[in-house]
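Visitor: I would like a close look at the places where the ligands sit. Please take me through them step by step, then show me some other spots along the chain.

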Amino acid sequence: MTNSWNDIKNADVILIMGGNAAEAHPCGFKWVVEAKAHNGAKLVVVDPRFTRSAAVADFYAPIRPGTDIAFLSGVMRYLLGAGKIQQEYVKAFTNAGYIVKEGFKFEDGLFAGYDEAKKNYVDRSTWDYEFDEQGMAKVDDTLQHPRCVINLLKTHVDRYTPEMVERICGTPKDKFLKVCELIASTSTGDRSMTSMYALGWTQHTTGAQNIRSMAMIQLLLGNIGIPGGGVNALRGHSNVQGITDLALLSTSTPGYLVLPTDREATYADYMKSRRFKPQRPGQTSFWQNYEKFFVSQQKSFFGAAATKDNDWAYDYLPKFDVPYDALKIIDVMAAGQMNGLFCQGMNIMMAGPNKTKIRNGLSKLKWLVSIDPLETETARFWENHGEFNDVDPKSIQTEVFQLPATAFAEEEGSATNSSRLIQWHWKAAEGPGESRGDIQIISDLRARLRALYAKEGGAFPDPILNLAWNYSDPGNPDPAEVLKDINGYALEDVPDPADPAKLLLRAGQLLPTFGVMRDDGKTSGGCWIYTGVYTEAGNMAQRRNASDPTGKGVYPNWGFSWPANRRILYNRASADAAGKPWSERKKYMWWNGSKWTGPDVPDYAPTVPPDKAVGPFIMNQEGTARLFARTGMPDGPFPEHYEAMDAFIANPLHPKVSRNPVVRVFAADAKSFGTPDKFPIVATTYRLTEHFHYWTKNAHANAVLQPELFVEMGERLAKAKGIQSGDWVEVTSQRGSIKAKAAVTKRIRPIMVDGKPCDIVGVPIHYGFIGLTRKAHPVNTLTPPVGDVSAQTPEFKAFLVDVKKTTPPAQAAATA
Ligand SMILES: Nc1nc2c(c(=O)[nH]1)N[C@H]1C(S)=C(S)[C@@H](COP(=O)(O)OP(=O)(O)OC[C@H]3O[C@@H](n4cnc5c(=O)[nH]c(N)nc54)[C@H](O)[C@@H]3O)O[C@H]1N2
Ligand SMILES: Nc1nc2c(c(=O)[nH]1)N[C@H]1C(S)=C(S)[C@@H](COP(=O)(O)OP(=O)(O)OC[C@H]3O[C@@H](n4cnc5c(=O)[nH]c(N)nc54)[C@H](O)[C@@H]3O)O[C@H]1N2
Ligand SMILES: [Mo]
């Protein structure tokens, strides 16, 4: 989230699109209710299904799964055409006026630089600004230059007329225009819109660009950095934000630093492209501090073994050739190229796409370790469960180890929620039986691996032997000590750079802020963005002061929000270029003549005057936000609508480049995608409040509330196929088939797409062959093994199937 859960109460318009917060985030949804009750906010829901969120919305519009970029580009066209943008904000805080290089173009579905053979944009040199001799970006403040960003954007989105939106998305034109009007009502500086999204946007081959589209809309409206504004990802598990911050992604190290690639053999190579210089006069480019964060991290990882002479143990870090995300791991495993797999708190058999490929892969391992409080489908993948898991155990050689872990409520530690808020939680009970905490299991594993390396040597023992593990009890570290390590501390006395006679930090002192981190090895810190969470004043994650002095939903002394306890990111943008609030109603941080003031922590040092700091977007070299993404997006600087891999229609905008042109398809999956002649129905998958993924089905109460798998379908489809509610149906995709009971409903309405009727079915994700619910075929039997081109999030939300009436599965007939 750019903003926070609490801040949603400040919104005037709430757009839930790409998520279903009432169902999947029922507790956080209270802030939507607050906004409606106390602020008169309008709730708008855009979803293929009439959801529990839609049920309490002021306005609902349907959409075909996988077409949000067309919808949102249509919104941008509307805003630009109607002049409903916050002109002054856009000029001051975005790259609207930046002049893009000659040669940049978009034609027939492709941006400049595409290589047909490599299926990639190999030459992205024109995806950039024109620079002057000093390396400063050229800007036309009058926004007149034909190649300045805003004019290129206008041309780019001009194709997304309301008629084209209706043709692609199936959203009736009048409903689309009503949504546009509601969104546009927040362009005035005294009103704001919040965007709440989750998997309905991320689980697509165009996932990251869905979210970018919304970021662009919020920038045009001046809604970033503003109370009740922002682009707000509603995260899933209680600590998934935390695990992402701490390097869940296969290509990053903690704090979103970058894991080296094998093209960066030396530390000098690695650092060459990472000392980011500002691209506007006087601008801050915060990543100029990269080396301080990186060196402090290496000191935290490797302690005394990381020295200036060995380039801070740079060689200890793995260098990757291609990203090893979950989809890649599954592919390597299925190719029989992997010996073993650790699944710690992950049920990959249920969670990953194309279940059959995953099961085949698990069967080819020598060993599998499941670290989990429960028995999972993954740990039991080799067991025969009739047609629900039709395998021959004798043919599977994989040795499975189950290490019973305690569950979160049986462990102490921190969890970071969607608001970037780090909160401590205490142990509620001891784990049962032989269960052990995750920290203890991993510590034990480290100790044994280390002993083996010490005894036997091996190819490269140094990183394991030298791994820092300075905890009082190395066999079972105290989580508080781990958080201190992540926060960082001074390794020796550090003099004040401003006055060398004074001491800035004494040896051993916990770091108060990442601002004091050093690139000379004098500080250690495991994750720079967390610095400040555990200082000499104590464990900030434990703070529980429930006061909100300004009533803006800030609660500055509750937990610790990274970075620097900032509750709204880019909050400097809540004031105009001169530092004056855009309006009294949305007043948040402002320049009072001598410092930045307001309820939050400002984006930069409070005494830097408005005219000395160019822009609030200090993580960008230009200091402004990007309507045109010069870096970072592998499928283009502007979002573009592409069909899902299982494409329902040929892309009306450019039928020859129907699907995302840079999508990664493994050779083994070349025939894994379906076409509408065989699979004429669009399918999507989703959650139910009554279950949490694949483990609450082990709890009796949840199993009773939602006992079995079903497939939701509209009345038109049911009628055409002679299906009634409660009938057994078979749902088939190019990957496989499942059986489920039909739930015929008015919640999925018939829509027209590109002149033909489009039927949609929805399948909940929770059911499998373990637990107290009725046995079922895992829904991921159906889903395609392909991910978003930026994040590799699987395309779980838009694929093609066929549906027919069928007989009950053998075991269901017996228990029915
Ligand atoms: N009770 C419960 N709560 C949970 C979870 C759980 O398992 N159970 N899981 C947690 C986790 S890990 C996560 S990540 C979150 C997920 O939270 P959500 O993303 O909100 O959950 P989903 O139900 O998967 O999908 C949300 C909605 O996206 C819609 N949708 C599908 N395709 C599209 C599309 O192309 N465009 C648009 N606009 N909408 C589309 C679906 O119809 C569905 O209503 O929930 C968390 N909360
Ligand atoms: N088709 C389809 N597939 C999907 C999705 C979808 O929308 N559609 N959503 C995807 C998403 S967003 C997610 S997050 C995944 C979820 O996939 P998973 O994360 O794999 O599912 P969970 O069942 O939440 O958690 C896995 C295991 O963690 C264990 N666990 C709980 N607490 C602890 C603990 O403290 N320590 C340890 N070691 N284990 C613990 C649980 O017992 C459980 O077995 O599914 C993904 N798959
Ligand atoms: Mo998730």
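Guide: What follows is a short tour of the two ligand sites, then of a helix and a few backbone details. Keep in mind that this is a predicted model.

Start with ligand 1. It has 31 residues around it. Ala 24, Asp 47, Gly 66, Arg 687 and His 691 come nearest. Three elements each supply at least two residues of this shell: helix H1 (21-24), helix H9 (199-202) and strand S26 (681-686). By class, the shell has 10 nonpolar, 15 polar and six charged residues.

Now look at some polar atoms at this site. Arg 687 places a polar side-chain atom 2.7 Å from an oxygen atom of ligand 1. Leu 199 uses its backbone instead: a polar atom there is 2.7 Å from an oxygen atom of the ligand. Lys 797 has a side-chain N or O atom 2.8 Å from an oxygen atom of ligand 1. How much of the accessible area of ligand 1 does the protein cover? On its own, the ligand has 920 Å², and the protein covers 95% of that.

Move on to ligand 2. Its surroundings count 29 residues. Here His 237, Asp 372, Asp 438, His 693 and Asn 780 come nearest. The shell divides into 14 nonpolar, 11 polar and four charged residues. Which domains contribute to it? Domain 1 (326-409 + 430-464) and domain 2 (655-805) each give at least three residues.

The polar atoms deserve a look here too. His 693 has a polar side-chain atom 2.7 Å from an oxygen atom of ligand 2. An N or O atom in the side chain of Gln 203 is 3.1 Å from an oxygen atom of the ligand. Ile 371 works from the backbone: an N or O atom there lies 3.1 Å from a nitrogen atom of ligand 2. Of the 920 Å² of accessible area that ligand 2 has on its own, the protein covers 87%.

Next comes helix H2, residues 30-39. Its buried residues are Trp 31, Val 32 and Ala 35. Why do they sit on the same side of H2? Because they cover an arc of only 110° around the axis. An α-helix has 3.6 residues a turn, so residues three or four places apart point the same way. Ala 37 and His 38 are exposed, on the face of H2 turned away from its buried side.

Helix H13 (residues 290-302) holds Val 295. Val 295 is buried, with a relative accessible area of 0%. Val 295 and Tyr 489 are 194 residues apart in sequence, and their C-alpha atoms are 13 Å apart in space.

Finish with the backbone. Most residues other than glycine have a negative phi, and most peptide bonds are trans. Ala 247 has a positive phi, near 85°. This residue lies in the loop between helix H11 (240-245) and strand S10 (252-253). Ala 247 is partly exposed, at 24% relative accessibility.

Trp 312 also has a positive phi, about 60°. Find Trp 312 in the loop between H13 and helix H14 (326-334). Trp 312 counts as buried because its relative accessibility is 6%, and buried means under 20%.

The last stop is a cis peptide bond between Trp 562 and Pro 563, with omega about -10°. Pro 563 belongs to the loop between strand S23 (560-561) and strand S24 (590-591).

Notes:
Residues numbered from 1 in each chain as written. Chains lettered and ligands numbered in written order. Predicted model: local features only at pLDDT ≥ 70, side-chain atom pairs only at ≥ 80, totals over all residues. Heavy atoms only, no water. Near = heavy atom within 4 Å. Polar contact = N/O pair within 3.5 Å; in protein donor to acceptor, adjacent residues only side chain to side chain. Areas by Shrake-Rupley, 256 points an atom, 1.4 Å probe, with all protein chains shown as cover. Nonpolar A, V, L, I, M, F, W, Y, C, P; charged D, E, K, R; others polar. Domains from an automatic or database assignment. Buried < 20%, exposed > 50% of the residue type's maximum accessible area, 1.4 Å probe, protein only. Helix = DSSP H or I, 4+ residues; strand = E, 2+ residues; numbered from the N terminus. Arc of directions from axis to C-beta.
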